[in-house]
Amino acid sequence: MTEIRSTVVVVTWRGRPHLGACLDALAGQDRPHRTLVVDNASDDGTATLLAHHPSRPEVLRLPRNVGFAGGLAEALCRVDTPFVGWLNDDAVPAPGWLAALEDALDTDQHAAAAGSVLLGEDGSVQSTGVRLTAGGYGADETRGEGEPFGFCGGAALLRTDVLAAVGGVPAGFFCYYEDTDTSWRLRLAGWRVCAVPSARVVHRHGASSAIGSARFHRWNERNRLLTLLRCAPGWVAGPELLRFAALTALLPARRALGRPVPSAANFAVPLRLGVLAEVLAALPVTLLARRRIGRRSAVDRDAVWRAWAGR
């Protein structure tokens, strides 16, 4: 019997409209694997779909919605294969997707994660990995040239033991930036992240969360700041937090003076105050995590930042 080397984790919440296509595509992979679906207390018939899907995936049903990051963290302790895949429930991988990722990690023993090419339903490139902006944001890389800073968590394969060794998945993030934070920790530990152009996935971006919504911006802004506080040099993380707070304080004055303020939800003062409150509440735990990450690091934080930020 061919050895099963990968567990593909699919985290879902109310995923019935699109989860079936994801599971069909996983069943069509040309490399044997284990499929583990984490159901975040869906109430839309997802459980019924899972119970009757012909591929018979393993299911971990949680009592409440802990988000993508929380679901991955719950699954990790149940993974006993050398590789663990992260796959969005609205993603449909091509038949050779898993084989391409496994082969990439077999070939590059210095890479701890292999990322996919995520395509829109119209064939446009959504992501070939994650780039680190000058402001510390984890943004989708779409150029597909060279090695990315990080992998896109929508479709990737990681070495299970390395992921556990660098601290696993930041469950408290709920969703967004769990891939950027993990990529930071892999880089700090001296590992590479590789992009695999032949590992292709069609992705219904935002099928599970409303891109551009207030919740989307809240998670993005909060988790960017938490990632920087956990992983980045202090001279980057501290000023970025202060800059966020200062802009929040100045926005009412700008509006009162009639000066233009962007209309995006992340410029709404109540949202920004909520982000600051959450970051400050999490600060003691975040700083403890920063110390643990620092003790595990083989590469200086400054070196990672200077090598990748703003590229």
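**Figure 1. Aromatic pairs in the predicted model.** This is a predicted model, and 8 aromatic pairs turn up in it. Two numbers do the describing for any such pair: how far apart the ring centres are, and the angle between the planes. The next two views each take one pair and go through both numbers.

**Figure 2. Trp 86 meets Phe 151 edge-to-face.** The ring centres of Trp 86 and Phe 151 are 5.2 Å apart with the planes at 75 degrees, and since an angle over 60 counts as edge-to-face, that is the label this pair gets. Trp 86 belongs to strand E4, while Phe 151 comes from the loop between strand E9 (138-141) and strand E10 (155-159). That makes it a link between distant parts of the chain, with 65 residues separating the two. Are these partners buried or exposed? Trp 86 has 1% relative accessibility, so it goes down as buried. Phe 151 is buried too, at 0% relative accessible area.

**Figure 3. Trp 184 and Trp 305, a stacked pair.** Here the centres sit 6.4 Å apart and the planes are at 15 degrees; under 30 degrees counts as stacked, so Trp 184 and Trp 305 are a stacked pair. Note that the pairing limit is 6.5 Å between centres. Trp 184 is in helix H6 and Trp 305 is in helix H10 (residues 301-308), so to speak a long-distance link: the two are 121 residues apart in the chain. Trp 184 counts as buried at 0% relative accessibility, and Trp 305 is buried with a relative accessible area of 8%. Pull the view back and both tryptophans belong to one aromatic cluster, formed by Phe 149, Trp 184, Trp 305 and Trp 308.

**Figure 4. Two arginines over aromatic rings.** Arg 224 lies over the face of Tyr 137, and the distance to the ring centre is 4.1 Å. In the other case, Arg 272 has its charged end over the ring of Phe 267, at 5.8 Å from the centre.

**Figure 5. The largest cavity, beside helices H6 and H9.** How many cavities of 30 Å³ or more are there? The count is 2, and the largest has a volume of about 40 Å³. Its lining is made up of Val 166, Arg 185, Leu 188, Ala 189, Ile 293, Arg 296 and Ser 297. Helix H6 (178-188) and helix H9 (269-296) are the elements that give two or more residues to this lining. By class it's a mix: 4 nonpolar, 1 polar and 2 charged residues.

**Figure 6. The second largest cavity, with its nonpolar lining.** This cavity holds about 40 Å³ of space. Around it are Val 9, Leu 72, Ala 75, Leu 76, Val 79, Val 84, Trp 86, Leu 163 and Val 169. Trp 86, from the edge-to-face pair with Phe 151, is one of these lining residues. What classes do the residues fall into? There are 9 nonpolar, with no polar and no charged. Helix H3 (67-76) and strand E4 (83-88) each bring at least two residues to the lining, and H3 gives the most, with 3.

**Figure 7. Thr 12 and its polar contact.** Thr 12 is found in strand E1 (residues 6-12). With a relative accessible area of 1%, Thr 12 is buried. Its side chain makes a polar contact with the side chain of Asp 89, at 2.7 Å.

Technical notes:
Residues are numbered from 1 along each chain as its sequence is written. This is a predicted model: local features need pLDDT of at least 70, side-chain atom pairs count only at pLDDT 80 or more; totals for chains, interfaces and linings use all residues. Side-chain values use heavy atoms; hydrogens and water are left out. On a 1 Å grid over the protein atoms alone, a cavity is a set of points where a 1.4 Å probe fits but cannot get out, and a pocket is an open set with protein on both sides within 12 Å along at least five of seven lines; lining residues have an atom within 4 Å of a point. Grid points are joined across faces, edges and corners, and a volume is the space filled by probe spheres set on the points. Helices (H or I, at least four residues) and strands (E, at least two) are DSSP runs, numbered from the N terminus. Ala, Val, Leu, Ile, Met, Phe, Trp, Tyr, Cys and Pro count as nonpolar, Asp, Glu, Lys and Arg as charged, and the others, Gly among them, as polar. Rings of Phe, Tyr and Trp (its six-membered ring) pair if their centres lie within 6.5 Å; planes under 30 degrees apart count as stacked, over 60 as edge-to-face and the rest as tilted. Buried means under 20% relative accessible area, exposed over 50%, partly exposed in between (1.4 Å probe, protein chains only). A charge sits over a ring if NZ of Lys or CZ of Arg is within 6 Å of the ring centre and within 35 degrees of the ring normal. A polar contact is a pair of N or O atoms within 3.5 Å; within protein, one must be able to donate a hydrogen and the other to accept it, and residues adjacent in sequence count only if both atoms are side-chain atoms.
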